Amino acid sequence: KSGVVISELVSANGLKYGGDKTFKLMSYNASERPVGIQLFGETPEVLAEAAKRVQDHGADFVDLNFGCPVKKVVSKGAGAALLKDLIQMRT
């Protein structure tokens, strides 16, 4: 048995707009607890809103992804690209 389960990358924007596919990525079985939902996004305000939705969904913790180097994530200003502007992330 695993000590902790973390979801696939979940788009903060997808949560904002209520996409069914996004919510499906957050599904888990209670026996898998503790469960964390891994979020990515490019806007601090949208990430904060998504983190609240993840909490309301019942996740045990939120993992904000700042390390993903994948081109389709970084090209939108998310993942590792967020580390280029640490002052923005403080807000």
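In the predicted model, Arg90 is exposed, its relative accessible area being 69%. This residue belongs to helix 5, which covers residues 86-90. Although Arg90 and Glu45 are 45 residues apart in sequence, their C-alpha atoms lie 11 Å apart in space.

Burial in the interior is described by the largest nonpolar core, which comprises 14 residues. Within this core, the residues with the most contacts are Val10, Leu15, Met26, Ile37, Leu39 and Val54. At least two core residues are supplied by each of helix 1 (12-17), strand 2 (35-40) and helix 3 (44-57). Helix 3 provides the largest share, namely five residues. The surroundings of Ile37 were examined further. When neighbours within four places in sequence are left aside, Ile37 is in contact with Ser7, Val10, Met26, Val54, Ala59, Phe61, Val62 and Asp63. Among these partners, Val10, Met26 and Val54 are also listed with Ile37 as the core residues having the most contacts.

Two serine residues of strand 1 were then considered. Ser7 is found in this strand and is buried, because its relative accessible area of 13% falls under the 20% limit. Beyond its neighbours within four places in sequence, Ser7 is in contact with Leu25, Gly36, Ile37 and Gln38. The contact with Gln38 includes a polar component: a polar atom of the Ser7 side chain lies 2.9 Å from the backbone nitrogen of Gln38. Ser11 is likewise found in strand 1, which spans residues 5-11. With neighbours within four places in sequence set aside, the contacts of Ser11 are Thr22 and Phe40. The side chain of Ser11 also reaches a backbone nitrogen, that of Asn13, at 3.2 Å. In addition, the C-alpha atom of Ser11 is separated by 8.5 Å from that of Ala50, a residue 39 positions away along the chain.

A nonpolar patch on the surface is formed by Val4, Ile6 and Phe61, which together have about 220 Å² of accessible area. Val4 lies in the segment before strand 1. With a relative accessibility of 36%, Val4 counts as partly exposed. Phe61, another member of the patch, is also one of the residues in contact with Ile37.

Electrostatic pairing was assessed next. The count of salt bridges comes to one, and this salt bridge is formed by Arg33 with Asp60, whose closest N and O atoms are 2.8 Å apart. Arg33 lies in the loop between helix 2 (20-25) and strand 2, whereas Asp60 lies in the loop between helix 3 and strand 3 (61-64), so the pair ties together parts that are 27 residues apart in sequence. Both partners fall in the intermediate accessibility class: Arg33 counts as partly exposed at 31% relative accessibility, and Asp60 counts as partly exposed at 41%. Arg33 is further distinguished by its backbone, as a cis peptide bond joins Arg33 and Pro34, with omega about 0 degrees. Pro34 is placed in the loop between helix 2 and strand 2, and Arg33 lies in that loop as well.

Methods: Residues are numbered from 1 along each chain as its sequence is written. This is a predicted model: local features need pLDDT of at least 70, side-chain atom pairs count only at pLDDT 80 or more; totals for chains, interfaces and linings use all residues. Side-chain values use heavy atoms; hydrogens and water are left out. Helices (H or I, at least four residues) and strands (E, at least two) are DSSP runs, numbered from the N terminus. Contact means heavy atoms within 4.5 Å. A polar contact is a pair of N or O atoms within 3.5 Å; within protein, one must be able to donate a hydrogen and the other to accept it, and residues adjacent in sequence count only if both atoms are side-chain atoms. Patches are made of residues with over 30% relative accessible area and no salt bridge: like charges are joined within 9 Å, nonpolar side chains (Val, Leu, Ile, Met, Phe, Trp, Tyr) within 5 Å. Accessible areas come from the Shrake-Rupley method with a 1.4 Å probe; for residues, only the protein chains shown count as cover. A salt bridge is a side-chain nitrogen of Lys or Arg within 4 Å of a carboxyl oxygen of Asp or Glu. Buried means under 20% relative accessible area, exposed over 50%, partly exposed in between (1.4 Å probe, protein chains only). A nonpolar core is a set of buried Ala, Val, Leu, Ile, Met, Phe, Trp, Tyr and Cys residues joined through side-chain atoms within 4.5 Å.
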